[in-house]
Structures are given as structure tokens and as C-alpha cells.
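Biologist: I should like to learn how the surroundings of a ligand and the pairing of aromatic rings are read from a model. May we go through them one at a time?

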Amino acid sequence: MAIERTLSIIKPDATRRNLTGKINAKFEAAGLRIVAQKRIHLTIAQAEAFYGVHKARPFFAGLVAFMTSGPVVAQVLEGEAAVTKNRDIMGATDPKKAAPGTIRAEFAEDIEANSVHGSDATDTAAQEISFFFSGIEIVG
Ligand code: GDP
């Protein structure tokens with residue numbers, strides 16, 4: 001299996017409840033390495049740009065308001081099949097449907113405030129990583 005990198009975001013509901021360490025522990029226990037990480041407060045324009053693919057969705061405005069409601073922790077995770085491995089660790093978008101032991105099952109508040117973002121494919125991962133990080137900030 002190939003070593004990949006994926007973009008992860010610990011969302012405002014999780015930073016507010018001081019869950020960054022507990023979430024990072026799950027990544028590390030599963031063999032993912034945090035090779036870049038920074039805590040930032042997204043502007044509305046940044047959140048709209050990041051979630052541009054969802055612009056037409058009815059939840060877009062609420063999602064942007066939520067993602068700018070507090071700090072987030074953007075990070076690059078590296079490891080074997082990191083994109084799908086991270087999606088497995090995160091669990092389903094709706095925490096009611098997330099498998100036991102996943103981040104969203106344990107920590108998410110609801111389908112919107114669901115604690116983490118993770119890239120859904122290797123090509124989107126590359127785009128999303130470059131949205132937040134320059135090459136010099138990623139230390140494998
Ligand atoms: P993800 O890849 O599992 O994060 O899910 P999506 O890419 O489909 O959606 C992006 C984000 O939009 C989710 O993580 C949620 O924060 C939010 N979201 C998705 N579906 C809904 C919904 O039906 N209602 C609301 N309020 N938010 C949603």
C-alpha cells in the first residue's frame with residue numbers, strides 16, 4: 001500500500017470542548033503521523049472557498065457559519081492509505097450512523113458539528129493540503 005497524505009481539520013465544536021489531544025491520539029494509535037498542524041480561525045471568505053464544492057447545498061451557509069465560529073486545527077496526516085484510513089477513523093458524516101469507536105461516534109454533536117473533516121480522495125487531498133500548507137511546513 002502506498003504512503004499517502006491527507007488533509008484533516010479538527011472543527012470548532014471539538015476545539016471548543018478541548019478535544020484536540022483525544023482526536024490526535026486516535027490518529028496516532030491508527031498509525032497516522034501528524035506531519036503538519038496549525039490552529040487557525042478561518043474567515044468567512046476562507047471557509048466559503050474551502051467548501052466551494054458545497055456552494056449549492058442547503059446547508060452551505062450554516063456550514064460556513066459553523067466553521068468560522070471558533071478556531072480549527074488544520075493538519076496533514078501521513079501513512080499507508082492515509083485518505084481512506086482517516087475516513088475510517090472519522091466515521092460517517094452523520095454521527096448517528098457512525099460506527100462505534102470512530103471520532104464522530106464518540107465526539108460529534110450532530111451532522112454539521114461533526115468534529116472532523118478529512119479529504120475524500122488523493123486528488124482532493126493534494127488540493128486541500130495546499131489550501132492550508134506550503135511545502136516547507138510539512139515535515140515527514
Ligand atoms: P464529510 O466528507 O463526511 O465531511 O461530508 P460532506 O463532504 O458531505 O459534507 C461536508 C460537511 O458539511 C460535513 O462534514 C458537515 O459538517 C456538513 N454537512 C453535511 N451534510 C449536512 C447536512 O445534511 N446538514 C448540515 N447541517 N450539515 C451537513
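Biologist: Which N or O atoms of the side chain of Arg87 or of other residues approach an oxygen atom of the ligand, and at what distance?

Modeller: In this predicted model, an N or O atom in the side chain of Arg87 is 2.9 Å from a ligand oxygen. The side chain of Thr93 places an N or O atom 2.6 Å from an oxygen atom of the ligand. For Glu112, the atom concerned belongs to the backbone, and the distance to a ligand oxygen is 2.8 Å. Of the 550 Å² of accessible area that the ligand has on its own, the protein covers 77%.

Biologist: Where does the ligand sit, and which residues surround the ligand?

Modeller: The ligand occupies the largest pocket. Around it are Lys11, His54, Phe59, Leu63, Arg87, Thr93, Arg104, Ile111, Glu112 and Asn114. Sorted by class, this shell holds 4 charged, 3 polar and 3 nonpolar residues.

Biologist: How many aromatic pairs does a search of the whole structure find?

Modeller: The general idea is that two aromatic rings are described by the distance of their centres and the angle of their planes. Here the search gives 4 aromatic pairs. In one of them, the ring centres of Phe50 and Tyr51 are 5.1 Å apart and the planes stand at 85°, so this pair is edge-to-face. Phe50, Tyr51, Phe131 and Phe132 together make one aromatic cluster.

Biologist: Is Tyr51 buried or exposed, and what of Phe50?

Modeller: Buried means under 20% relative accessible area. Tyr51 has 6% and is therefore buried; Phe50, at 10%, also counts as buried.

Methods. Residues numbered from 1 in each chain as written. Predicted model: local features only at pLDDT ≥ 70, side-chain atom pairs only at ≥ 80, totals over all residues. Heavy atoms only, no water. Near = heavy atom within 4 Å. Polar contact = N/O pair within 3.5 Å; in protein donor to acceptor, adjacent residues only side chain to side chain. Areas by Shrake-Rupley, 256 points an atom, 1.4 Å probe, with all protein chains shown as cover. 1 Å grid on protein atoms, 1.4 Å probe; cavity = no way out; pocket = protein on both sides within 12 Å on 5 of 7 lines; lining within 4 Å. Sits in = over half its atoms within 2 Å of the grid points. Nonpolar A, V, L, I, M, F, W, Y, C, P; charged D, E, K, R; others polar. Phe/Tyr/Trp six-rings, centres within 6.5 Å; stacked < 30°, edge-to-face > 60°. Buried < 20%, exposed > 50% of the residue type's maximum accessible area, 1.4 Å probe, protein only.
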